[in-house]
Amino acid sequence: MFKNTKTLSAFMFKRDRFLIPIWVIGLVFFSLIVPPTFDEMFTTEQEREAIAETMSNPAMTALVGQGDMDNYTIGAMTAHQMLLLTAVVVGLMSILLMNRHIRTDEEAGRTEMLRALPVGRLATITAAFINVSLVNVLIALLVGFGLYTLNIESMGLEGSLLYGMVLGGTGIAFAGVATVCMQFFENSGGAIGSSIAMLFAFYILRAIGDVNYELLSSLSPLGWVMQSEVFTGNHWWPVLALIITGVCFMVLGGLLSARRDLGSGLLRATPGKTEASNYLLSPFGLAIRLQRTSIFFWALGLFILALSYGSVFGDLEAFFEGNDMLQQMLVGDHAQSIAEQFLPMILMVISILATVPPMMNVHRLYIEEKKNRVEHLLSRAVSRPQILLSYVTIATLNGLILLSLSAIGMWSAISIVMDDPLSLSTLYQATMVYYPAMLLMVGLSTVVIGLTPKLKIVLWLYLLYAFIVLYLGNLLDLPDWMGYLTPFGHVPKIPIEEISVLPLLVISGLSLLLFIIGFIGYRKRDIEG
Amino acid sequence: MSVVHVEQLQKSFGSFVALKSIDLTVNKGEVFGFIGPNGAGKSVTIRTLLGIIRASSGQAHIFGKDVWTDAVDIHRRLAYVPGDVHLWPNLTGGEVIDLFGKLRGSIDRSKKEEMIERFSLDPKKKCRTYSKGNRQKVALVAAFSSNAELYILDEPTSGLDPLMEQVFQQCVQEIKDQGKSVLLSSHILSEVEKLCDRIGIIREGEIIETGTLKEMRHLTRIQMTVQADQSLTMLKNVPGIHDLANTDGQWTFQADNENLDEIIRFLAPLGVKKLESKPPALEDLFMRHYENQTRMDNSNV
Ligand SMILES: Nc1ncnc2c1ncn2[C@@H]1O[C@H](COP(=O)(O)OP(=O)(O)OP(=O)(O)O)[C@@H](O)[C@H]1O
Ligand SMILES: [Mg+2]
């Protein structure tokens, strides 16, 4: 059953020699960069108390979990604000890695070739689990010792190691969860989807538990993460519980996997439609159908993000009071309220994030091309502009919807937590001014897809640049022109600035030009595949 | 009247020349076989004809219209089946067939059902669960249930089982009987032999031979085996004789068709005891072209 597990495991490491370092370095870097920043930002006890107060509200508790608010040291702060979210990302990493080795390979028919060799039936699954566990142990050790070497007073050796171990434990637990989930579905999409749904469900279970009903949190592995009380109580049982959970799930997954055929799931796929519904029968309908799931989840995610940003507006004044560093990040002068100064920065972040899905909508056309599916349309009575237009239309509409949802989400939360809330129309206007900038990015995507799709990575880097420069620009004292290199830098910062129409018109005009260039290019180039 | 007309078509990808110069014509009501070794340029030619890639130079017309500028118009009257059919994993076969039908023009439900029946396809299944052959059937059903005038088929049967292969051949026969035209690229020689009126052989981006099977047979040599009282060594001087060899008194050689008469006259007085002649099999006919290529490839290494 387990023959050749070791060989397979080594082979998997070899295949992942680029992917694993990216995850590990990313996660370790992320974990180590934050505590020193906190340490610099909150030097006095008074500042720390102020932020503790800001963070002590149900919305924040639901988002990041409970913390030790009475003794809010830098360590407690790190554990409170960072640990849970990092653990979720580690869990996600485990799910994706497990899936990559088990279902994706199976779907591509690679496992079949391995099975034909003298390889045990449970060898792939065991090898994958061992691999992912080792990656998690590595993360645990690097983060653990790394935090300790930061030499921050409230972060001792035990707490630091526990912090790392909790992360690693979460990873192992969700590697186990993934092995079970992926047995039920016929395709890797369903396998990944159900595993992530489990992660999400445990997160929500914990959120409800933390806010209302403690017992529920104890039922969720993500609840245990916070119950370890890193840097304050330092309980080690959650690490053990997480690892045991992982191993138990893994064993269950192995048992289930022995009962299913290669390439199928325990749940039979239900028969689908014999005939297509009318809305599918056009390039536009098809393009929507292919992307509707991801469109929906991005919208949901962004809405939740907007809600949670909105919920911090209640105690903003206390949050910023007496903290020079945070105040430096604000953009306005001091005539306006903190909320009004804080709003443009948040909206800028949200609108850059909201630009990702529309860009993906356009890039999707290239994915279709790479998979040789555009030729089915082009070899029928469908013109190239018609196809490109479908994707561009979806992108522009999607952007409009996402910005609207963000504005509504922020406003809903703000109107609950603020005594004197900003009006919906102010918020909506302040958000919508980013639409032309978003269109410009969609226009650039159209040009890239229309002319040289290989360059699409450059666009993502450009968006990343915009994010970094505009988000951290004030803090790092970057010159203004660096922000002006991006369309987002020219957007008027409502409500602290007057709305100025000229830059918006110029950006819109440029976008239109880009769309035209993209369409002309797409009419002329070879379709790959 | 020609339905497809290609003249000196060239296509390069960067510095690599995929098509050197392609000339071919498919007439109305005829099935044109398009054969050649792997990588010869069949699919590139077909993709150019479909306006999916753009020719570097040369002329290509379908129904008298330019394949690049009038692509959409042309495609209303044409059906295409690729060799490697990639479909959307989360749509069902039935949905894909409807989509394809609608994108061409309209869906003929009764014909679609008939074809699904004949190819015994389960249209309720998601495409991700289809085998290679079944994905191909989806494309074939979509093509044959359309009312096209020209069918462009690029290795359409590479994944079909023998039974389905037969159904496919019937379908092609039927559309041919209706006076429609077919451009069929294939590696299955028996299929080509059975279905095609004319054949074009492509190698390294060039059409090296075109004609009916009969004409092509005529161009090749006949394999002969002779046993005679006297020695046949003298045969080597007769024009049209190749590869003369003697094993245990049996003489074997190849004879050019056009010299047959002379050769027989020469043999007649030599006391022939046994004379066998084999017409060239289709395989041999094509192999010659395929082999040359391998030889050249090897010598390049
Ligand atoms: N997009 C492309 N870029 C670069 N080279 C290409 C491209 N498409 C095809 N080629 C090359 O052109 C040549 C002809 O390929 P083509 O697919 O037409 O062969 P084929 O005759 O269809 O072969 P097969 O019988 O294997 O299907 C090959 O050498 C191939 O590598
Ligand atoms: Mg081909």
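This report covers the contact between chain A and chain B in a predicted model, then the domains of chain B.

## Extent of the interface

Chain B brings 40 residues into contact with chain A. Chain A answers with 36 residues. Together the two chains bury about 3400 Å². Carbon and sulfur atoms account for 57% of that area.

## Polar and charged links

Between chain B and chain A there are 19 residue pairs in polar contact, counting pairs with both residues at pLDDT 80 or more. Salt bridges between the two chains number 4. A:R289 and B:E95 form a salt bridge through their side chains, with an N to O distance of 3.3 Å.

## The chain B side

Which elements give two or more residues to the side of chain B that touches chain A? They are β1 (2–13), α2 (71–75), β6 (78–81), α3 (93–104) and α4 (109–118) of chain B. The largest share comes from α3(B), with 8 residues.

The side of chain B that touches chain A also divides by residue class. Nonpolar residues number 20. Charged residues number 13, and polar residues 7.

## Domains of chain B

The domain assignment splits chain B in two. Domain 1 covers 2–216. Domain 2 covers 221–279. Taken over C-alpha atoms, the centres of domain 1 and domain 2 of chain B lie 44 Å apart.

Methods
Residues numbered from 1 in each chain as written. Chains lettered and ligands numbered in written order. Predicted model: local features only at pLDDT ≥ 70, side-chain atom pairs only at ≥ 80, totals over all residues. Heavy atoms only, no water. Contact = heavy atoms within 4.5 Å. Buried area = accessible area lost by both parts, 1.4 Å probe. Polar contact = N/O pair within 3.5 Å; in protein donor to acceptor, adjacent residues only side chain to side chain. Helix = DSSP H or I, 4+ residues; strand = E, 2+ residues; numbered from the N terminus. Nonpolar A, V, L, I, M, F, W, Y, C, P; charged D, E, K, R; others polar. Domains from an automatic or database assignment.
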